[in-house]
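Student: I am new to this structure and would like a close look at a single part of it. Could you walk me through the surroundings of the ligand?

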Amino acid sequence: MLLLKAVYRVVVNNFLALAAAAVAAVLLRRPDELAARLRAVSSPLHAATAAVLAAGVARLVRARRARGVYLVEYGCFRPRPCYRAPFATCLEHAHLMPYLVDEESVAFAIRLLERSGLGDETCVPDAYHYMPPDRSLRASRDESELVIFSAVDDVFARSALTPADIDVLIVNCSIFTPTPVFADMVVNRYKLRAEVQNVNLSGMGCSAGLVSVGLAKNLLQVSPPGTNVLIVSTEILSSQYYVGTERAMLLPNCLFRMGAAAMILSNSPDHARFRLGRVVRTVTAARDSDYRCVFQEEDEQGNTGIRLSKDLATTAGHALKSNIAAFGPLVLPASEQLLVAISFLKRKLKQLSGHAGKVRLYRPDFRTAFEHFCIHAGGRGVIDEVQHGLGLSDDDVEASRMTLHRFGNTSSSSVLYELAYLEAKGRMKRGDRVWMISFGAGFDCNSVAWECIKPAPDADGPWVDCIHRYPVQLPEIAKDV
Ligand SMILES: CC(C)(COP(=O)(O)OP(=O)(O)OC[C@H]1O[C@@H](n2cnc3c(N)ncnc32)[C@H](O)[C@@H]1OP(=O)(O)O)[C@@H](O)C(=O)NCCC(=O)NCCSC(=O)CC(=O)O
């Protein structure tokens, strides 16, 4: 069966090449006849016309072909151990703040924490270590400067580019947006050039990092060669500690952890490590339930927080389905697309012939298009939903689960921590293809494809001090109970 599958894939995916080889074989069996036919049609006029036409077509194709976009380098914020928030500390703090949360809420939060897939080493900002938490503007600014500057320092330290080489800057952070915005804070810190184009995205949830990649791609494809874009993706938590008792609003306290990532994208392949492939964005905000799925609001007591719907994982699953309806045809090999088309046709024929029962549509095997998957580490429920929906193995989702375990839900930067995991494990090879999937408030689902040009030369990065301990066995309670 496996052999049959492999033969089917080789034949369908290389159909044109095989057909051309067959035609060539037939023609070459009678070389005299072929030469005579060619002589009959080729005159100097024919040859000149063909050459001019070919040159014209080649020029048109070159002009229409979009400029390539590359990931030159990326860097992530690596929190120091002093920011750790082990369960025991969370429990102790919750008990020491009885005026903030009641016993039932404490018990619920701890239960969720234990089952969330987060480990004991995830980190929270300084503000959360105070009792009561310091939700001031000053605390948010301190956290912003720490995580953003660390990530940007890291990406510059790893690449040959300097702040003077940056032409466009995109910063995304959903919940906290000060004035002046983070984009200006980065310009100020790194003394970027006055003509730098800077953009700040806010309120776009955990999907905003890949939204930024899509925006950078669009800009780079129409910019002069050698244009460089710096993207910074983060979530600033300090002001967001929820102090009420509503379960759906307590969940973010349990899941979100500090983090940030920076990427340099360019339309020059010089020194690039990944080539950017397809980028597909799906926005399902037109559906009321999707729009309210991740919602910032006040509870009945006036405490501000983010309400996460119980249906979030299911909503993510539906958004992913719509997303892959557009993304799949762009990335899947012909063999998988043919199987989808056949099952679709079967279903239609069955419907038309009035037969009862439904033909299940073939679920394409995305492992034929990608070697690696970076699924937003939104929570155990989110990763479970995507793994199940795409039919992925435990190995395929290891980077996501381990990132959730070590760093928590770091929002839009999580997919970069996952890429760093794969590289730190030495699993990324030249030519490997990566699929990044993110979800976020809106509701948004984004897919981005990359192809590795040059794997990381070392395992330095956010995993440097712990990669030898990963993958860890996840406690059963967090999987099946
Ligand atoms: C939180 C979980 C780990 C809990 O998993 P469990 O296996 O324990 O089972 P479970 O789902 O039945 O939940 C256990 C208990 O928590 C309650 N519960 C779960 N989710 C809840 C919610 N959103 N609101 C209120 N209660 C909730 C259940 O009712 C149940 O209560 P009882 O036991 O009383 O019946 C999982 O549900 C999960 O990962 N959910 C998705 C988390 C999520 O929304 N992540 C996305 C973050 S937003 C994001 O990343 C994007 C963005 O911000 O833009």
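Student: Which helices and which strand each supply at least two residues of the shell around the ligand?

Tutor: Happy to help! This is a predicted model, in which local features need pLDDT of at least 70 and side-chain atom pairs count only at pLDDT 80 or more, while totals for chains, interfaces and linings use all residues. Residues are numbered from 1 along each chain as its sequence is written, and side-chain values use heavy atoms, with hydrogens and water left out.

Now to your question. Helix H6 (103-115), helix H11 (247-255), helix H15 (380-390) and strand S10 (433-440) each give at least two residues to the shell; helices (H or I, at least four residues) and strands (E, at least two) are DSSP runs, numbered from the N terminus. The ligand is surrounded by 27 residues, and Arg-115, Cys-206, Leu-308, Arg-380 and Gly-381 are the closest; to be near, a residue needs a heavy atom within 4 Å. By type, the shell has 13 nonpolar, nine polar and five charged residues. Here Ala, Val, Leu, Ile, Met, Phe, Trp, Tyr, Cys and Pro count as nonpolar, Asp, Glu, Lys and Arg as charged, and the others, Gly among them, as polar.

Polar contacts are pairs of N or O atoms within 3.5 Å. In the side chain of Arg-115, an N or O atom is 2.4 Å from a ligand oxygen. For Arg-380, a polar side-chain atom lies 2.5 Å from an oxygen of the ligand, whereas Cys-206 places a backbone N or O atom 2.8 Å from a ligand oxygen. On its own the ligand has 1000 Å² of accessible area, and the protein covers 77% of this (Shrake-Rupley method, 1.4 Å probe).

Technical notes: A polar contact is a pair of N or O atoms within 3.5 Å; within protein, one must be able to donate a hydrogen and the other to accept it, and residues adjacent in sequence count only if both atoms are side-chain atoms.
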